[in-house]
Amino acid sequence: MALLAKQNIMARPAFGSAAIPRIAAPTSIRMVARSAASELLVETKTAVHILSGDSLESFITSNDTVLVDYYTEWCGPCKIIAPHFEEMAQQIPQIKFAKLNCTTDNAAKKIAMSQKVKALPTFHLFRGGERVAAFVGGKPNQLRKFVEEHL
């Protein structure tokens with residue numbers, strides 16, 4: 001049985017009686033009606049840009065400083081660090097934060113291979129279109145330290 005209480009979703013476990021609070025996602029999603037034909041547009045409010053294999057290069061070259069998170073949906077450490085990455089994106093406006101799912105299409109897979117991504121999550125910092133630093137791992141405190149060192 002699920003109850004919606006303001007922004008927290010409460011769920012009752014199958015073999016227990018206590019409700020377990022679930023934390024809401026770090027981004028907020030709202031539905032906006034676009035036409036009378038009930039076409040809907042999902043709008044996300046986030047500071048992280050979700051890129052495709054085709055858009056990565058143009059995004060990197062059109063912004064001064066970019067931090068790219070190479071990740072996959074099935075990667076446990078990627079899931080753990082994702083909310084921290086979002087938080088940093090909101091707190092550090094000098095850097096554009098972006099994510100590339102390495103398994104979405106062939107272009108993304110080729111980019112991950114060309115960038116020598118061998119472990120996930122991998123983070124590359126670009127300045128003026130050139131990679132200047134890399135960080136591998138899912139430890140939020142070490143990622144924050146890495147970002148602060150390269151501001």
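Accessible areas are computed here by the Shrake-Rupley method with a 1.4 Å probe, and for residues only the protein chains shown count as cover. The structure is a predicted model, in which local features need pLDDT of at least 70, side-chain atom pairs count only at pLDDT 80 or more, and totals for chains, interfaces and linings use all residues. Residues are numbered from 1 along each chain as its sequence is written, and side-chain values use heavy atoms, with hydrogens and water left out.

**Exercise 1. The whole protein**

Task: State the accessible surface of the protein, the share of residues that count as buried, and the order of the elements.

Solution.
- Step 1. The accessible surface is about 9900 Å², and 56% of it belongs to carbon and sulfur atoms.
- Step 2. A residue is buried under 20% relative accessible area, exposed over 50%, and partly exposed in between (1.4 Å probe, protein chains only). Of the 151 residues, 31% count as buried.
- Step 3. Helices (H or I, at least four residues) and strands (E, at least two) are DSSP runs, numbered from the N terminus. The protein has four helices and 10 strands. Their order from the N terminus is β-β-β-β-β-β-α-β-α-β-α-β-β-α.
- Step 4. A contact means heavy atoms within 4.5 Å. Among contacts between residues at least 6 apart in sequence, 56% join residues at least 24 apart.

**Exercise 2. The two sides of helix H3**

Task: Find which residues of H3 are buried, and name the elements against which they pack.

Solution.
- Step 1. Ala108, Ile111 and Ala112 are the buried residues of H3. Seen down the helix axis, they fall within an arc of 100° and so line one face of H3. The arc is taken over the directions from the helix axis to the C-beta atoms.
- Step 2. An α-helix has 3.6 residues a turn, so residues three or four places apart point the same way.
- Step 3. The buried residues pack against helix H1 (56-62), strand E7 (65-71) and strand E8 (96-101).
- Step 4. On the face turned away from the buried side, H3 carries the exposed residues Asn106, Lys110 and Met113.
- Step 5. At the start of H3, a side-chain oxygen of Asp105 comes to within 3.3 Å of the backbone nitrogen of Ala107.

**Exercise 3. The loop after H3**

Task: Describe the backbone at Lys116 and at the peptide bond from Leu120 to Pro121.

Solution.
- Step 1. Lys116 lies in the loop between H3 and E9. Pro121 is also placed in the loop between helix H3 (106-114) and strand E9 (122-127).
- Step 2. Lys116, a residue other than glycine, has a positive phi near 60°. Lys116 counts as exposed because its relative accessibility is 61%.
- Step 3. The peptide bond from Leu120 to Pro121 is cis, with omega near -10°.
- Step 4. For comparison, most residues other than glycine have a negative phi, and most peptide bonds are trans.

**Exercise 4. Aromatic pairs**

Task: Classify the ring pair of Phe85 and Phe97 and that of Phe123 and Phe135.

Solution.
- Step 1. Rings of Phe, Tyr and Trp (its six-membered ring) pair if their centres lie within 6.5 Å; planes under 30 degrees apart count as stacked, over 60 as edge-to-face and the rest as tilted. By this rule there are four aromatic pairs.
- Step 2. The ring centres of Phe85 and Phe97 are 5.2 Å apart and the planes stand at 75°, so this pair is edge-to-face. Phe85 is in helix H2 (residues 76-91) and Phe97 in strand E8, 12 residues apart. Phe85 and Phe97 are buried.
- Step 3. Phe123 and Phe135 form a tilted pair, 6.0 Å centre to centre with 40° between the planes. Phe123 lies in strand E9 and Phe135 in strand E10 (residues 130-136), so the pair ties together parts 12 residues apart in sequence.
- Step 4. Phe123 counts as buried at 0% relative accessibility, and Phe135 is buried at 11%.
- Step 5. Ring pairs link Phe85, Phe97, Phe123, Phe135 and Phe146 into a cluster.

**Exercise 5. Two buried polar residues**

Task: Find what Lys99 lies over, and which side chain joins His124 in a polar contact.

Solution.
- Step 1. Lys99 lies in strand E8 and is buried, with a relative accessible area of 12%.
- Step 2. A charge sits over a ring if NZ of Lys or CZ of Arg is within 6 Å of the ring centre and within 35 degrees of the ring normal. Lys99 lies over the face of Tyr71, 4.4 Å from the ring centre.
- Step 3. His124 lies in strand E9 and counts as buried at 3% relative accessibility.
- Step 4. A polar contact is a pair of N or O atoms within 3.5 Å; within protein, one must be able to donate a hydrogen and the other to accept it, and residues adjacent in sequence count only if both atoms are side-chain atoms. The side chains of His124 and Arg131 are joined by a polar contact of 3.3 Å.
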